[in-house]
Structure formats: structure tokens, C-alpha cells
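Trainee: I have a new model open and would like to talk through the terms used for it. Could you take me from each value to the word we attach to it?

Mentor: Gladly; let us look at it together.

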There are 2 protein chains.
Amino acid sequence: MIDDSIIWAHLDGLAKPRRSLGKLESLAAKLAAVQQRLDPVTRPRRIVLFAGDHGVIAQGVSAWPAAVTASMVDTIAAGRATSNALAAAQDCDLRLVDVGVASPLAGNAPSWFRSARIADGTQDLATGPAMSIADFDAAWAVGADEAKRAADGGFAIVIAGEMGIGNTTPAACLTALLAGIPAYAAIGPGAGADDTIIANKRRVVAGAVAGLAARLNADPRAAIASVSGFEIIAMAGFFAAAAEANITILLDGFVATAAALVAERLRPGTKRAMIAAHRSAEPGHMAALNQLGLTPLLEWDMRLGEGTGALVALPLLDSAAALLSNVVSLSELGLGRAD
Amino acid sequence: MIDDSIIWAHLDGLAKPRRSLGKLESLAAKLAAVQQRLDPVTRPRRIVLFAGDHGVIAQGVSAWPAAVTASMVDTIAAGRATSNALAAAQDCDLRLVDVGVASPLAGNAPSWFRSARIADGTQDLATGPAMSIADFDAAWAVGADEAKRAADGGFAIVIAGEMGIGNTTPAACLTALLAGIPAYAAIGPGAGADDTIIANKRRVVAGAVAGLAARLNADPRAAIASVSGFEIIAMAGFFAAAAEANITILLDGFVATAAALVAERLRPGTKRAMIAAHRSAEPGHMAALNQLGLTPLLEWDMRLGEGTGALVALPLLDSAAALLSNVVSLSELGLGRAD
């Protein structure tokens, strides 16, 4: 067991003033603890983007029409979205998985695209369960299979990202349910909601979550499925299986963290594989991170989704790993500690 | 002229929710403004480390003995210091320049080491001028020459870092003098000072800066030289010449920013080439950044020196550049703005 005392003794023995790299040292310690080694690795790394549509869009909870999901899936498949640009800049392999977009990919499918469509989007969670238990299990299995592929490919770090117009509404439901905060505290602007849309989100989330806490204890999977999205459950399955395979998870923002709450609830211990990339602009995100005991690296008011916040934070892990692995110790230089 | 309205129109036209990448978009806008192009470049990049010793160490202002400067220069030359590890991790070329260490390099000199020694360290600034005007000019010229070499090499981004036991004392003098803050507000722990050392620093800085503001107007170079270090003036010359050559400067922490204050005072406009990497743990740093009108990217309590804070922030610029250059516009997708 590489515990904190071993890790900090290593860091404090390096040829530099003690703790003089501040948060980079905390990150290095976290990375070493997650990987249980003093020379953690950050390559190769992969982001898997899961895409799905949401019946709850009928309630007026998003600034963007549902068709934008399919349009952005096309854009990602064409390599021209923000996630593609950042993944390329940070030397991160990228895969795109359709787990339930309203319409199938229109353009050409690259080799890294996978069609694993559960349905043409979820049902409206405001009027009934968003999905059946069978569909929940199917979405989870798609994500778990992606983690297995990452493990087979020898990936050291994985990120899960999502594309799904309307998905901050199920994410807010799950955050309220699983982080135990009031529905209104979990509601934010998402991808640019105005006051009317936010009022709709408040009404929908409060209604959907009311009474669900009791059901959560009796049948957690059914309670979670009722207010979820396919891409969220696929991310949860991905996280649980990645953690089991000892792959380090770099956790993105609000929607990904809602998936992490699901994974931790159904597979306790999953959070031990996680490093939180950032605190998003969504107000419920910090409560979700607190619930998981995670401290975000960046507080940059990012709220795009597509795993972009994690891609921005990714190279900070490279520096943390280099610090642990490639700096000489004071004792090797024959110097004592002066601080 | 690529002004802010042009830059933000470009960013707001990209296929993502408006301003949804928060501080990454601010960084992208700054990078575009500094480089005056909507497709800024971040490679190749180079860090130049300037090393020198400080006579003021005799006043008990550092936790570390002066010999550690030479020892760390040896360590950097051997490729085993923190700056080497981070530069390698972030694909950054590294050079090391001795502008006045107490003793010459003991080990083998790599091709990227340069001996440009002005003297065996500065004089004690508590008892007289730290250096002569001639030595000031010589140190400045070494830095300017390094900027010219970087320009000839086609480097898009440069970082200046420093190694010099005791150099937070001259940096505090310069910050008090040039950012107009009281001496006590510019004093911090440096590389691990205890209360006695901090009291010594307070006494030395207050004494050295008293009456210097008046002299600054009459003969700025002489006033600055009296409380400087060779590596600090070399960095100032480096910044001024890099800005003149239109190279983007990623500014490190407290000591580098003191050099930036010098450069801006003697070559007004130098600051327009600068992006501030981080706010260091040194209390005077924020005042210096404010004086330059710069907003730090990271607030990670880093205080190591060697340009390490800038190296940690460097890959964030890669993401900002990728956002500007490689993301499709909404209009090209045939979509309108919904937010």
C-alpha cells in the first residue's frame, strides 16, 4: 500500500523547496495514490464520448433544439468539434459512441465511431420513467464494454464525455437524488438557458425527484433509471468498469459527475479511481464533487460538456507525473533540507 | 488590428454554447490579441533559465546557503531538476545561462548551457549598489541576445526562469519600487524562510528601497541596478527584446514578474507580449501583476522558481490555440445561435 506518508516523503525529498509547487504537488500525490505507484503514467490516454437524446426536452428545458445532438454527433464524427480539437492538442485518443441519439449518424462513420443505440432517445422523465431497467442495463453494458476495450488497449487514463441536448436536467435530478441537495440547488443554466427555461427545469426536476429518495433505497437501479439518460448510464458503467480495471479516471463536469454518483452508488469504491478535472459553472457540481470526496483541479467556469473540461486539465497530470518520476532527490545531490 | 471585438466574434461563432469554456476562452482571446491572429501558435517553445548569486545572502535573507545556486545549476545542466522534468513533459526546449553564479559550472556543460558570467555574484545590496551600471548593461545584453537567438530559432513562445539563492530579496525591492507597494507587503517566505529570515528580509528591503523612489525618476537604471540581480536584469533584457521580436512571453512567478516590471519601466509596451502563467504564493506577486495589467491563469500557490509555474501553465495555451484554430463555426454547420 503506497499511502500518503510514503508519497509525501518522496515529494518532500526532491531537490526543490518543500511543498513549493503547491497544488501541483497535491495533484501528484493524488495521482500516485490512485495508481499506487510513485512513478504514475499518463499515456496513452483516451476519451470516450457517449451521445444520447432526452424525451424531457419536450418540457422546454433546453435553449437548443434536440436536433442539435445529432448535428454535433456528426460534427464530432467529422473531427471538427471542440472535443476533437482539444483531444488532438493533448495527444488523447478519442472514441464516439451513439447510445441513443434520436437519429442515426448521417455522415460517414470513422473507425472510432460505434453505434450502440438503445433507443431513439429516452422517454420524457417528467411524465414517466426515462428508461426501462432493461435499457438501463444495456446502456451500462455499453459503457462497461468501452472500459474493457480501454483496458485491453493499455490506456492509463480515461475520460468520459457526453453529448446530449437537455442532459443537464437528468443530471440535476441525479445530483439532487444522490448528493442529497434540494432540486433548486442543482439547477443551472446548462448550455445557455434563460429564465423561462430555468423555471421549467426547476419544475421538472423538483417533480421528478419528489418521493424518489424513498424509492432509491428500495430499488436504486429503478429510481436512477427513471430520471437518467442513456449516455449518463453508459458513463456510469464505463466508470465502474474502468475503476475495476485499475484505469485512472479524469472526471469532467456536471453531467459526468452525475454519472460518477450513479457509479459510486451502485459500485461503491469506484470513486477511488477518480481525479476531478474541474468545477463547472453549474451550481450543483460542487455538491456532487463533495459527495464523492473529490477536489477539482481547475475552477474555470467551463460548462461545455463533451469532456472538454477534463481535456483542458489533462496535461496538468503530465506535469504531476514528471515531477514524481524525473526529479532528483536532495540526498542524491548530497544536500540537506534547509526548509 | 485584431481587436477584442473581432476575437470574441470569432469565439462566439464556434459550434458550442457561447462562452461555455469560461477562462479558457479568456486565455484564447488574450493569446489571439498578443499574437494578433485568430490562429495563434504555441510551438516551438523555449524556456531560458538565468542563474546568478546574490551578495545580500550575507544578511541572512535565505533559508538556503548560497552554494545551493551552483549545486542546482549543476543539477539543471545534468537534466535532473524540476524545470528539466517539466520542460520535457511539455515539449519545451530548455537553455541554461550562467550570468553570475559564485562559482562556474563544475560538471559537464551540455550544448544548451551558456556561460555569460558578469561576476561571481552581485554585491550586498544592503551595504551598497548590487551592481554597477556597466554590469547592468552587460546582464541586460545577455538576456536580449537570448531573445534574439529564440527569434532566429523561430520560437513562438518563450519563458524566462531563474535560479539564484536569495533572489526573492532583490525581487521584493524591485516590486516595492516599481509596483509602488510598501516593502513589508512585498516580503514573503521565498523558498522556505522562517520568522527570523523574514524579519531580516523586511529590514533589508525597507532599508534598500527607502529614498529610492525619488532616485528612480532621476536615473531609473541606476536605481534599479542598485537593488537587482544579474539573472533578474538578464530576464528583463530578454523580455524587452522578445516583445520587440513579437515573441509571446509566458510569465512565471514573483522573481520573473519583478524582471517584467523592470522591462516595462525601461521599455514601455513590453507587457503587451505577456501572458501571466500563475499567481505565486509570494504576497507581493499580485501587486506586480496588477501593475502590469495581467491576470494569472493559475492560482496554485507555486513558489519554486526555475520557470516551473509557467511550464505547468504552458499546455493550457495549446488548448486555447486549438479552440481558436480547429473548431468549426455554427454557421458552417447551418445552425443558428440559441443562447
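Trainee: Which helices of chain A each supply at least two residues of the lining of the largest pocket?

Mentor: They are α2 (22–35) and α10 (230–244). Keep in mind throughout that this is a predicted model. The lining has 23 residues, and Val34(A), Ala243(A), Asn246(A), Arg272(A) and Ala273(A) lie nearest the centre of the pocket.

Trainee: What makes a residue count as part of that lining?

Mentor: A lining residue has an atom within 4 Å of a point of the pocket, and 23 residues line this one. By class they are 11 nonpolar, six polar and six charged. The space in the largest pocket comes to about 440 Å³.

Trainee: What does the second largest pocket look like in volume and lining?

Mentor: Its volume is about 350 Å³, and 17 residues line it. Nearest its centre lie Val34(B), Gly269(B), Thr270(B), Arg272(B) and Ala273(B). In chain B, α2 (22–35) and α10 (230–244) each give at least two residues to the lining. The classes here are seven nonpolar, five polar and five charged.

Trainee: Which class does Gly269(B) go into, polar or nonpolar?

Mentor: Glycine counts as polar under the classes used here, so Gly269(B) goes there.

Trainee: Let us turn to the sheet. What makes β3 and β6 of chain A edge strands?

Mentor: Start with the strand order, β3-β2-β1-β4-β5-β6, in an open sheet of six strands with parallel pairing. β3 (113–115) and β6 (274–276) each pair on one side only, and that makes them the edges. From one strand to the next, the twist averages 25 degrees.

Trainee: How do you know that β4 and β5 of chain A really count as a pair?

Mentor: Pairing asks for at least two bridges between the strands. Strand β4 (residues 157–163) is joined to strand β5 (residues 248–251) by two bridges, with the strands running parallel, so the requirement is met. In β5(A), Thr248(A) is the bridge partner of Ile157(A).

Trainee: Which helix lies across that part of the sheet?

Mentor: Helix α11 (residues 254–266) of chain A lies across β4, β5 and β6, and runs at about 135 degrees to β5(A).

Trainee: Now for the two chains. Why are the copies said to be related as by a two-fold rotation axis?

Mentor: Chain B is superposed on chain A by a rotation of 180 degrees, with 0.0 Å of shift along the axis and an RMSD of 0.0 Å. The two copies are therefore related as by a two-fold rotation axis. Within chain B, the residue that comes closest to this axis is Pro315(B), whose C-alpha is at 3.1 Å.

Trainee: How do you know that the copies meet through the same surface?

Mentor: The reason is that 100% of the interface residues of chain B are also interface residues in chain A.

Trainee: What is special about the peptide bond between Arg43(A) and Pro44(A)?

Mentor: That bond is cis, with omega about -5 degrees. Pro44(A) sits in the loop between α2 and β1 (45–52) of chain A. In chain B, the bond from Arg43(B) to Pro44(B) is also cis, with omega near -10 degrees, and Pro44(B) is in the loop between α2 and β1 (45–52) of that chain.

Trainee: What makes Asp301(A) worth a look?

Mentor: Asp301(A) is not a glycine, yet has a positive phi of about 55 degrees. You will find Asp301(A) in the loop between α12 (285–292) and α13 (308–326) of chain A.

Note on methods
Residues numbered from 1 in each chain as written. Chains lettered and ligands numbered in written order. Predicted model: local features only at pLDDT ≥ 70, side-chain atom pairs only at ≥ 80, totals over all residues. Heavy atoms only, no water. 1 Å grid on protein atoms, 1.4 Å probe; cavity = no way out; pocket = protein on both sides within 12 Å on 5 of 7 lines; lining within 4 Å. Points joined across faces, edges and corners; volume = space filled by probe spheres on them. Helix = DSSP H or I, 4+ residues; strand = E, 2+ residues; numbered from the N terminus. Axes fitted to C-alpha atoms, helices over the stretch in contact; angles between N-to-C directions. Contact = heavy atoms within 4.5 Å. Least-squares fit on C-alpha atoms with pLDDT ≥ 70 in both.
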